[in-house]
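Please open the model in your viewer and keep the selection tool at hand. The tour goes from one selection to the next, and at each stop there is something to look for before moving on.

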Amino acid sequence: DADDVRTSAVDIAHLLIALVNNGMYDATALLQPASIEAMEQTHFTDHPALAGWTYGFAELRRNGWRALVHDGLSPSHESRVVVVPEARFAYVLVVEGHPGSEFWRTVDDALFDRAFAPRAKMPGDVRDAPAPSEADARMAAGLYEITNGGASSLTALKRGVSRIRVRAGENGTLLMSGAENAVLAPRAGGYWASDNGNVSAALVHGQFVVGSAIIAAIPIWQRPRLY
């Protein structure tokens, strides 16, 4: 398949060492600092307060830290690459088989959450946009599905359940369940976020967006009936 890129865990490890070591692996310059800056810079985002995408990575905001993530899938293996540029920290994990999304959540808890103490929440977009209203919350409510392919494939391993149900709560809050489980409070800047900042969402041109995930509303005729 012309769309596949194949490499070894050793080569990926060399790349990660260079990314967190100013381009150097051992005594060899694998990358120029300007190349690293371009690779790790946010190039696409649906909303300034939400996680976006760099060249080849999806952004992950966790406990006040910004990380870059890329997942790999094959018929026999799964892999996950995580880079935390500010901390000069990175890891790659390759497993045989397809252990499921709960496994990858546990891995992140062990290798990422425990490596970094939570710190002040990352600021969102603090321009003049007001916090979402109760009417905005009602507009955002619905049943959504995370789409496959494109940028969504960068973080495919942790999704598990691909559907997200969003309900409007009190005072403009959003209650999410499914692929993401969180209570999101309205924030100045025109978005919602969980208390720890790990999950954020916004209405963008009438479309509901969650972090760097690409989601779509499920048409009423495709939703399960309730009896």
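Begin by selecting D71 and R80 in this predicted model, and you will find that R80, in β5, is the bridge partner of D71. Widen the selection to the two strands, β4 (residues 65-73) and β5 (residues 77-84), which pair in the antiparallel sense over six bridges. In general, strands of a sheet pair through backbone hydrogen bonds, either parallel or antiparallel.

Keep R80 selected, since this residue of strand β5 also leads to the next strand: in β6, its bridge partner is L93. Here β5 and β6 pair in the antiparallel sense over eight bridges.

Is R80 buried or exposed? R80 counts as buried because its relative accessibility is 2%, and the cut-off for buried is under 20%. Now show its side chain together with that of D108, and look for the polar contact of 2.7 Å that joins the two. Add W104 as well, which is 24 residues away from R80 in sequence, while the C-alpha atoms of the two are 8.5 Å apart in space.

Next, select the whole sheet, an open one of four strands in the order β3-β4-β5-β6, with antiparallel pairing. Because β3 (58-62) and β6 (89-96) stand at the edges and each has a single partner strand, one side of each is left without a neighbour in the sheet. If you turn the view to look along the sheet, you can follow a twist that averages 25 degrees from one strand to the next. Then add helix α1 (residues 9-20), which lies across β5 and β6 and runs at about 165 degrees to β6.

Two loop residues come next. Most residues other than glycine have a negative phi, and the two residues to select now depart from that pattern. Start with R88 in the loop between β5 and β6; in this hairpin, which has four residues between the strands, R88 takes a positive phi near 55 degrees. Then move to N22, in the loop between α1 and β1 (24-25), where phi is near 60 degrees, again a positive value in a residue other than glycine. R88 is exposed, with a relative accessible area of 54%, and N22 is likewise exposed, with a relative accessible area of 54%.

Now turn to the interior and select L174, L184 and F208, the residues with the most contacts inside the largest nonpolar core, which has 16 residues. The elements that give two or more residues to this core are α4 (134-140), β7 (142-146), β8 (163-168), β9 (174-178), β10 (182-187) and β13 (207-210). Which residues is F208 in contact with, leaving aside its neighbours within four places in sequence? Among them are A140, Y144, V166, L174 and W192, and the list also includes A201, A202, L203 and I215. A second, separate core has 11 residues, including I12, L16, A18 and L68.

Finally, clear the selection and show the whole protein, which has four helices and 14 strands. Of its 227 residues, 37% count as buried, and its accessible surface comes to about 12800 Å², of which 54% belongs to carbon and sulfur atoms. Among contacts between residues at least 6 apart in sequence, 47% join residues at least 24 apart.

Terms used
Residues are numbered from 1 along each chain as its sequence is written. This is a predicted model: local features need pLDDT of at least 70, side-chain atom pairs count only at pLDDT 80 or more; totals for chains, interfaces and linings use all residues. Side-chain values use heavy atoms; hydrogens and water are left out. Two strands pair if DSSP finds at least two bridges between them. Axes are lines fitted to C-alpha atoms, for helices over the stretch in contact, and angles run from 0 to 180 degrees between N-to-C directions. Contact means heavy atoms within 4.5 Å. A nonpolar core is a set of buried Ala, Val, Leu, Ile, Met, Phe, Trp, Tyr and Cys residues joined through side-chain atoms within 4.5 Å. Buried means under 20% relative accessible area, exposed over 50%, partly exposed in between (1.4 Å probe, protein chains only). Accessible areas come from the Shrake-Rupley method with a 1.4 Å probe; for residues, only the protein chains shown count as cover. A polar contact is a pair of N or O atoms within 3.5 Å; within protein, one must be able to donate a hydrogen and the other to accept it, and residues adjacent in sequence count only if both atoms are side-chain atoms.
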